[in-house]
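Colleague: I should like to learn how to read the features of a structure that is new to me. May we go through it together, one feature at a time?

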Amino acid sequence: SNSQQSLLRSALLVSKLDNPHFHLEHYLERVDRLAERITNHFPPNASNKEKVTLVIEHLFKRLGYHGSTLDFHHRSNSYINEVIEDREGLPITLCVLLMEIGKRVDLPISGLTTPGHFLALYQEPDQGLENSVIIDAFGGRAISAEQANELTATELSEADFSPASEAEIISRILRNLLRSAEWDRDTEASLRYLDALVAINPQDRYHRTLRAMTYYGLGRFDETLDDITILIGSNRNDPSNAPLIEIERRLLNPHHNSQP
């Protein structure tokens, strides 16, 4: 169903920002077939927990999906179509693939907004954390809570194990791409990712400010003003808006820059 494909579809649309020419439906079908191949290996009376173990084993051991050894800044690891194709990716893109296979075989696997290292969690709606399975897609294995703490370098709390929303997952992929684009000094790409981040979350002040500054640096002053106006909103007396109001003043009175 379409609702089932929305995360994968959104992740493919992120890839399309940079690679407009691939056929999106092809990859939706590829993941359907991947799920089918894996389901064929389920014994007739397997429990859901056994099925999760089999999915992990097939995807990461037999089919060879694995964490990329490429430099983190290599953007292909963030493009889900290339991850499906090359069988390697970042923790988050491998988790998206795992979650999408889970959906197709009725196993509730969600992504977690854990810091640093993105993890997945298999958990039935009515069951507690002690009956769940934490999955490190990058390492291709189920892990303990202690191992999860090590991987994320955090003392994870119950709250860390609540499922990430689709918007959070897609934003995180875009933030990875944005970091790579900044590293490569690729301003055009940065703007593509910033546009998408602001579209997903119009309330996101950080990325809207970054976009305004990027426009400003490119001399695209109309777009700078559009973003600045939204950022200032009705809070003209808020001291934290002073730098934005100063830039607005310069843009609206370009000939009075020397005046205090």
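Colleague: In which hand does H2 cross H5?

Modeller: In this predicted model, the crossing of H2 past H5 is right-handed.

Colleague: Which quantities describe such a pair?

Modeller: A pair of packed helices is described by the angle between the two axes and by the distance between them. Here helix H2, residues 24-39, packs against helix H5, residues 91-104, at an angle of about 65°, and the axes are 9 Å apart. That angle makes H2 roughly perpendicular to H5.

Colleague: Which residues of H2 and H5 meet?

Modeller: From H2 come Leu28, Val31, Asp32, Leu34, Ala35 and Ile38, and from H5 come Leu97, Glu100, Ile101 and Arg104. Sorted by class, the contact of H2 with H5 holds 7 nonpolar, no polar and 3 charged residues.

Colleague: H2 also contains His26. Is His26 buried or exposed?

Modeller: Neither word applies, because a relative accessibility of 32% places His26 in the partly exposed class. His26 also illustrates how sequence separation and spatial separation are read together: Asn81 is 55 residues away along the sequence, while the C-alpha atoms of His26 and Asn81 are 9.3 Å apart.

Colleague: At what angle do the axes of H9 and H11 cross?

Modeller: The axes of helix H9, residues 205-217, and helix H11, residues 242-252, cross at roughly 30° and come within 13 Å. H9 and H11 are therefore roughly parallel to each other, and the crossing of H9 past H11 is left-handed. Arg205, Met213 and Tyr216 of H9 meet Leu244, Ile247, Arg250 and Leu251 of H11. By class, this contact has 5 nonpolar, no polar and 2 charged residues.

Colleague: How is one face of a helix recognised?

Modeller: An α-helix has 3.6 residues a turn, so residues three or four places apart point the same way. In H11 the buried residues are Leu244, Ile247, Glu248 and Leu251. Viewed down the axis of H11, these buried residues fall within an arc of 100°, so they line one face of the helix.

Colleague: Against what do the buried residues of H11 pack?

Modeller: They pack against H9 and H10.

Colleague: Which residues of H6 are buried?

Modeller: In helix H6, residues 145-152, they are Ala148, Asn149 and Thr152. Seen along the axis of H6, the buried residues lie within an arc of 100°, so they line one face of the helix. Glu146 and Glu150 are exposed on the other side of H6. The partners of the buried residues of H6 are strand E4 (119-122), strand E5 (133-136) and strand E6 (141-143).

Colleague: What is the phi of Ala153, just after H6?

Modeller: Ala153 has a positive phi, near 55°, and is a residue other than glycine. Ala153 belongs to the loop between H6 and helix H7 (166-183). With 72% relative accessibility, Ala153 counts as exposed.

Colleague: Where does Arg87 lie?

Modeller: Arg87 is placed in the loop between helix H4 (80-86) and strand E2 (88-89). Arg87 is not a glycine, yet has a positive phi of about 60°. The relative accessible area of Arg87 is 34%, which means that Arg87 is partly exposed.

Colleague: Is Asp227 buried or exposed?

Modeller: Asp227, in helix H10 (residues 221-232), counts as buried because its relative accessibility is 3%. Setting aside residues up to four places away in sequence, Asp227 touches Arg208, Arg211, Ala212 and Tyr215.

Colleague: Which residues does Lys51 contact, leaving aside its neighbours within four places in sequence?

Modeller: Lys51, found in helix H3 (residues 48-62), is in contact with Phe42, Ala46 and Leu107. The C-alpha atoms of Lys51 and His41 are separated by 9.2 Å, and these two residues are 10 apart along the chain.

Colleague: How many helices and strands does the protein chain have?

Modeller: The protein chain has 11 helices and 6 strands. Its C-alpha atoms fill a box of roughly 80 × 40 × 35 Å along the principal axes. Of its 260 residues, 47% count as buried. Of the contacts between residues at least 6 apart in sequence, 54% join residues at least 24 apart.

Methods. Residues are numbered from 1 along each chain as its sequence is written. This is a predicted model: local features need pLDDT of at least 70, side-chain atom pairs count only at pLDDT 80 or more; totals for chains, interfaces and linings use all residues. Side-chain values use heavy atoms; hydrogens and water are left out. Axes are lines fitted to C-alpha atoms, for helices over the stretch in contact, and angles run from 0 to 180 degrees between N-to-C directions. Helices (H or I, at least four residues) and strands (E, at least two) are DSSP runs, numbered from the N terminus. Angles under 35 degrees count as roughly parallel, over 145 as roughly antiparallel, 65 to 115 as roughly perpendicular and the rest as oblique. A crossing is left-handed if the near helix is turned anticlockwise from the far one by less than a right angle, and right-handed if clockwise. Contact means heavy atoms within 4.5 Å. Ala, Val, Leu, Ile, Met, Phe, Trp, Tyr, Cys and Pro count as nonpolar, Asp, Glu, Lys and Arg as charged, and the others, Gly among them, as polar. Buried means under 20% relative accessible area, exposed over 50%, partly exposed in between (1.4 Å probe, protein chains only). The arc is that of the directions from the helix axis to the C-beta atoms.
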